[in-house]
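Here's a friendly walk through a protein and its ligand. Have a look at the picture first, then read on.

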Amino acid sequence: MTQDVNRYRCDLRDIRFLLFEQFGLGDLLGKAPYQDWAREDVDAVLDGVYQWACDVIGPLNAVGDRVGCVLENGRVKTPPGFKEAWRSLYQAGWRGLGVSPEHGGQGGPMAVALMASEMMSGANTAFNMYPGLAQGVGEVITAFGTPAQVAAYTRKIVTGAYGGTMCLTEAHAGSDVGAALTRATPIGDGKYHIDGTKVFISGGDHDLADNIIHLVLARTPDAPPGTKGLSLFIVPRDRLDGSGSNDVITQSIEHKMGINGSATAVLRFGENGNCVGELVGTEERRGMAQMFKMMNLARIGVGVQGLAVAGAAYLSALEYAGQRVQGPSIKAWKDANAPKVPILQHPNVRRMLLDMKARVEGIRGLIVKLAVHLDRAAALRASGGDAAAIEYHDGQVDLLVPVVKAYASDQGFQITVNAIQVFGGAGYIKDHPVEQHCRDSKVFSIYEGTNHIQALDLVGRKLGLRGGANLQSFLADLRRQAESLRGDPELAPAVDRMLAAGEALGQSAMRFLGWFQQGKTELIGLYANRFLEMMARTAVSSVLLEGAHVAARAIVADDHPDRAYYQGKRHAALHYAHLELPGVVDGARFMGEEMRHSLDIPDSGFGRLVTD
Ligand SMILES: Cc1cc2nc3c(=O)[nH]c(=O)nc-3n(C[C@H](O)[C@H](O)[C@H](O)COP(=O)(O)OP(=O)(O)OC[C@H]3O[C@@H](n4cnc5c(N)ncnc54)[C@H](O)[C@@H]3O)c2cc1C
């Protein structure tokens, strides 16, 4: 039993439903820029990645956790099997699914690439961080580098010859990235001496690739303070001309709560004054804007990590609940002779499982929705399509990125906690994967900008973009969707709740505007997370209810082979909407009361401070 419960699983049926039955990815296939992709190609990729994830990296997940990374003679050794997995990954080409063929990739839709990423992260999230970060570095260089930089780095990264990292954080500059002090001093020919120390760098060193390309945020002489003064540099670990070390020293690696297979390093650049980097592109002080390109994709990637680990934890818990026999059915609870039943038959275990299913499928749906906005924008660009339509899709992506990052990561962790609860004591010990899933997933709400930073990005930047048109379009879509769902009587009460939630969101967005105008910025900081959560619950409900409607159309015949799957979608949608949407309306009311207890409590009212 243990063997089976511990195997990695992903719900390919649900992925196919979202891609093809709900979000209509099929419309985009066979046309630019996805002209070389057909439905069969997507199916083959999904099956292939799933098989690879189960066979190659899934079995290394616990090994990575238990053995972890080791720093030996200044170099990081990754856990056993990671090197072979890296080679096998790049041979299979799974990493380049969404990368253009011009740069060595397969040019597929982002929706497919992200679903492949779900499987890779779900099977082994620590391993998947190495190629994930490298891909992000390739994307930044492709987008902003000079032709010579693209030629020197991109293909090598896409094919796995080089790894990559993103070096923002310094000991005193975490959320406050603009406080970074690493210096870049020009030495001519577009080159700079780099001098500084970066901390918490994922994949900061490893033995998987021939070289590692660090993207380093640093400050040039006379640069203004804050993020405006930051420039971005390409800093290879080893010199490209074969002359050896580029004076990048791995000082230490962290001992962490989870993702132990991923090396998190303190990197010292220029200890001996010999670290040379080159500016990305030709213009200084563009670092944050360039990094943002990578950060957007990386933030979606972290949302996918949350989904992936939660999805794996849910399916393990489901499998276990079907096998673990404990106690009689509650219908016979006073009968000592009643047969014992699998815990799946107990109402509270069913409730926990349905709750997990609804959240996993809702978050997956939200991620596919975001990806399809990206893909539709790309298709419109490729065909010279309508500028307003492109702007609409881009705007929805802008709006949804912080929501996906924060909600998927918070909920992802919570779902793994619930998976442990379903397992009972067996979930708390290391024989089963759920305790690792729980430890691995905590960091998702912290890195790539903490979830509070995401909430500030949403209310402080994204709501106001394009004069507020992005949120207006989101709410208009909700109303249109409600019209088409109303004809489905079983869904109607939930649809009414969704409309009320949309109203509440609109009012709360206006409240933020009022607070901005009245200078009540403390309230913005206080309520930003709540607003993000309200928006996430509304968006997830809309995705689930739409899916439930599609599912109803599919269950026409009593003997439909997938009848139970479609029924499951409807139950999950209704469970989630009725449970989560009332909180959106309550949240708006609560914001209206401008409750300030967290602000007004005196510092010493929290308890005796150590410094008293
Ligand atoms: C395992 C791991 C891997 C990482 N990988 C990388 C990497 O590859 N590259 C990289 O550059 N960094 C990486 N990081 C660093 C990560 O991005 C930072 O930890 C994160 O940005 C938070 O910074 P901090 O830890 O300094 O926390 P702090 O910024 O000190 O934040 C502490 C708390 O205060 C809150 N807070 C901080 N400032 C504000 C504010 N102005 N307003 C309101 N609340 C605030 C935060 O939300 C948080 O709750 C990694 C971290 C970890 C743990």
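Two residues are in contact when heavy atoms of theirs lie within 4.5 Å. With that in hand, take the contacts in the protein between residues at least 6 apart in sequence: 75% of them join residues at least 24 apart.

A bit of background before going further. This is a predicted model, in which local features need pLDDT of at least 70 and side-chain atom pairs count only at pLDDT 80 or more, while totals for chains, interfaces and linings use all residues. Residues are numbered from 1 along each chain as its sequence is written, and side-chain values use heavy atoms, with hydrogens and water left out.

**The whole protein**

How many helices and strands does the protein have? The tally is 19 helices and 12 strands; these are DSSP runs numbered from the N terminus, with helices being H or I of at least four residues and strands being E of at least two. The radius of gyration is 25 Å, close to the 25 Å that the globule rule gives for 612 residues, so the protein is as compact as a globular protein of that length. (That radius is taken over C-alpha atoms, and the globule rule is 2.2 Å times the number of residues to the power 0.38.) Measuring along the principal axes is how you get the box that the C-alpha atoms fill, roughly 80 × 65 × 60 Å.

As for what's inside and outside, buried residues make up 56% of the 612 residues. Buried means under 20% relative accessible area, exposed means over 50%, and partly exposed is in between, using a 1.4 Å probe and protein chains only. The protein exposes about 25000 Å², and carbon and sulfur atoms supply 54% of that. Accessible areas here come from the Shrake-Rupley method with a 1.4 Å probe, and for residues only the protein chains shown count as cover.

**Around the ligand**

Now for the ligand. There are 18 residues around it, and Met166, Thr169, Ser175, Phe200 and Ser202 come nearest; a residue is near a molecule or strand if one of its heavy atoms lies within 4 Å of it. Three of these residues put a polar side-chain atom beside a ligand atom, as the table shows. A polar contact is a pair of N or O atoms within 3.5 Å; within protein, one must be able to donate a hydrogen and the other to accept it, and residues adjacent in sequence count only if both atoms are side-chain atoms.

| Residue | Ligand atom | Distance |
|---|---|---|
| Thr169 | nitrogen | 2.6 Å |
| Ser175 | oxygen | 2.6 Å |
| Ser202 | nitrogen | 2.8 Å |

On its own, the ligand has 960 Å² of accessible area, and the protein covers 62% of that. Strand 3 (162-167) and strand 5 (191-202) are the elements that give two or more residues to the shell, and strand 5 supplies the largest share, 3 residues. By class, the shell has 9 nonpolar, 7 polar and 2 charged residues. Here Ala, Val, Leu, Ile, Met, Phe, Trp, Tyr, Cys and Pro count as nonpolar, Asp, Glu, Lys and Arg as charged, and the others, Gly among them, as polar.

Phe200, one of the residues that come nearest to the ligand, sits in strand 5. Its phi is near 60°, a positive value in a residue other than glycine. Is Phe200 buried or exposed? Phe200 is exposed, since its relative accessible area is 54%.

**A few other spots**

Arg466 also has a positive phi, about 50°, although it is not a glycine. You'll find Arg466 in the loop between helix 14 (451-462) and helix 15 (469-485), and at 33% relative accessibility it counts as partly exposed. Arg466 is touched by Asp394, which is also in contact with Ala377 and Arg381, leaving aside neighbours within four places in sequence. Asp394 itself belongs to helix 11 (residues 387-423). From Asp394 to Leu370 is 24 residues in sequence and 9.7 Å in space, C-alpha to C-alpha.

Helix 11 also holds Gln411, which is buried because its relative accessible area is 10%. Beyond residues up to four places away, Gln411 touches Arg359, Ile363 and Glu533.

Lastly, look for the cis peptide bond between Ala32 and Pro33, where omega is about 0°. Pro33 lies in the loop between helix 2 (12-22) and helix 3 (39-57).
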